[in-house]
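Please look at the sequence and the model below before reading on. The report that follows goes through strand pairing, the overall build of one chain and the place where two chains meet.

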Amino acid sequence: MIYIIYQDNTTYKGGKSYSDLGWSKAPNKPIKQVYLILPDGNFLVMQGCKKYNCFVEVTQNVYGAGPRVPIIENVYLMGIKEGTNAVNSYRVSLMQYKDSKYKIGDITRREYPIGKEFRGQPTIGWKGEVDESSPNNS
Amino acid sequence: MSTSLKVHINNSNTDDTKANIPSSYIEMDLSQDKWYFTSGSSAVADGQDEPTDAELNEAATLISNSSDVEIPKLIMLDKSANLLKEVYLAGSDNNRYVICFAFDGATSSEPTLEAWDDANHNAATLHCLGNGTVSNSWIHAKVTTSSAPGSNWVGTKIAGSNKLLLNEGAGALTSAKDIYINIYVKIPAAYSVGATEQPVLTVRYTYS
């Protein structure tokens with residue numbers, strides 16, 4: 001579901017489903033472009049950033065009504081541009097709830113301060129530089 | 001790599017980890033097992049079969065005019081065995097190893113426990129979720145992985161945006177981890193509405 005072109009022109013291809021993005025297994029070195037396959041088969045392409053992150057968001061209901069299986073609600077592709085302190089976040093909806101304004105495949109772009117990029121919390125797994133820790137810690 | 005969650009309840013009075021007393025823990029079948037917050041009765045008790053609605057109503061907790069009331073029991077229905085299993089240590093007493101959220105791998109952010117009106121996860125207006133004021137939620141939860149909660153603990157009143165950080169604020173899980181929580185429901189004194197409500201408790205997590 002992801003395809004990475006590195007600055008040394010090597011490439012990496014991730015897993016075949018959103019439940020197996022393969023991002024965590026990707027080599028960590030300077031990145032030229034990241035491609036994320038969208039539900040309709042098109043690509044979301046991100047480039048020009050010093051660091052990137054990609055992950056899925058899962059909800060698992062443990063009490064009450066509704067589906068009781070893990071549901072992948074969204075996939076996120078994020079990047080931090082050189083010289084900025086903001087995270088550019090692209091959220092792709094993979095689940096459509098009743099009364100939600102988002103449909104499957106909708107892309108929502110937002111910008112967050114570093115360290116608050118996912119629902120007000122930091123994320124780990126950033127790639128593009130040697131340090132894989134949270135952008136907060138680099 | 002995919003990360004998944006399993007939920008285990010401690011069905012004993014022994015306050016110890018799943019690793020130390022594995023036979024006391026029961027893994028929830030998340031697709032069909034249920035929890036009941038209840039006062040309990042002869043029919044709604046550990047070892048009994050699945051209760052009827054009438055039996056659950058008879059075991060409902062009464063609202064007090066003078067004081068807040070903690071719903072005294074948390075009981076799980078083991079659907080496949082058709083047996084009720086009490087989570088004996090759940091509640092505001094100083095018990096640490098009650099419910100275990102077992103993650104089998106790393107996460108990209110800190111997992112959270114959340115409470116919503118329904119499975120749409122976009123509103124928290126039920127009476128038990130504070131009737132529109134999430135900080136007034138009746139559902140108290142606390143992470144106890146690193147220490148016991150203390151007697152008469154309050155924890156986080158979870159509802160909507162009031163969520164429980166499951167790694168105690170330490171951020172994403174860098175590897176597989178067993179996270180322990182305790183939970184209870186407390187009804188405010190003289191609350192004017194009696195109802196049966198079924199909020200949705202959800203664990204939200206990420207992985208790459």
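## Strands within and across the chains

Leu77(A) has Tyr90(A), in strand 7 of chain A, as its bridge partner. This is a predicted model, and the pair just named belongs to a longer match, in which strand 6 (residues 71–81) of chain A and strand 7 (residues 86–93) of chain A run antiparallel and are joined by 7 bridges.

These two strands are part of an open sheet of 7 strands with antiparallel pairing, and its order, 8(A)-7(A)-6(A)-5(A)-13(B)-8(B)-11(B), takes in strands of both chains. At the edges stand strand 8 (107–113) of chain A and strand 11 (164–165) of chain B, and because each has a single partner strand, one side of each is left without a neighbour in the sheet.

Where does the sheet pass from chain A to chain B? In the order of strands, 5(A) is followed by 13(B), and strand 5 (residues 49–63) of chain A is joined to strand 13 (residues 200–207) of chain B by 7 bridges, with the two running antiparallel. One residue pair at this crossing is Thr59(A) with its bridge partner Arg204(B).

Chain B also has pairings of its own, which involve strand 1 (residues 5–10): 5 bridges join this strand to strand 7 (residues 99–103) of chain B, and 3 bridges join strand 1 to strand 2 (residues 25–27) of chain B. In both cases the strands run antiparallel. The table gives one residue pair for each of these two pairings.

| Residue in chain B | Opposite residue | Strand of the opposite residue |
|---|---|---|
| Ile9(B) | Ile99(B) | strand 7 of chain B |
| Asn10(B) | Tyr25(B) | strand 2 of chain B |

## The build of chain A

Chain A has 0 helices and 8 strands, and its pattern along the sequence therefore reads β-β-β-β-β-β-β-β. Its radius of gyration is 15 Å, close to the 14 Å that the globule rule gives for 138 residues, so chain A is as compact as a globular protein of that length. Along the principal axes, the C-alpha atoms of chain A fill a box of roughly 50 × 30 × 25 Å.

Of the 138 residues in chain A, 33% are buried. Among the contacts in chain A with a separation of 6 or more, 45% are between residues 24 or more positions apart.

## Where the chains meet

How many residues of chain A are in contact with chain B? There are 33, and they are in contact with 30 residues of chain B. The side of chain A that touches chain B is made up, by class, of 16 nonpolar, 11 polar and 6 charged residues.

Methods:
Residues numbered from 1 in each chain as written. Chains lettered and ligands numbered in written order. Predicted model: local features only at pLDDT ≥ 70, side-chain atom pairs only at ≥ 80, totals over all residues. Contact = placed C-beta atoms within 7 Å. Nonpolar A, V, L, I, M, F, W, Y, C, P; charged D, E, K, R; others polar. Pairing = 2+ DSSP bridges. Helix = DSSP H or I, 4+ residues; strand = E, 2+ residues; numbered from the N terminus. Rg over C-alpha atoms; globule rule 2.2 N^0.38 Å. Buried ≥ 20, exposed ≤ 12 C-beta atoms within 10 Å, placed from the backbone.
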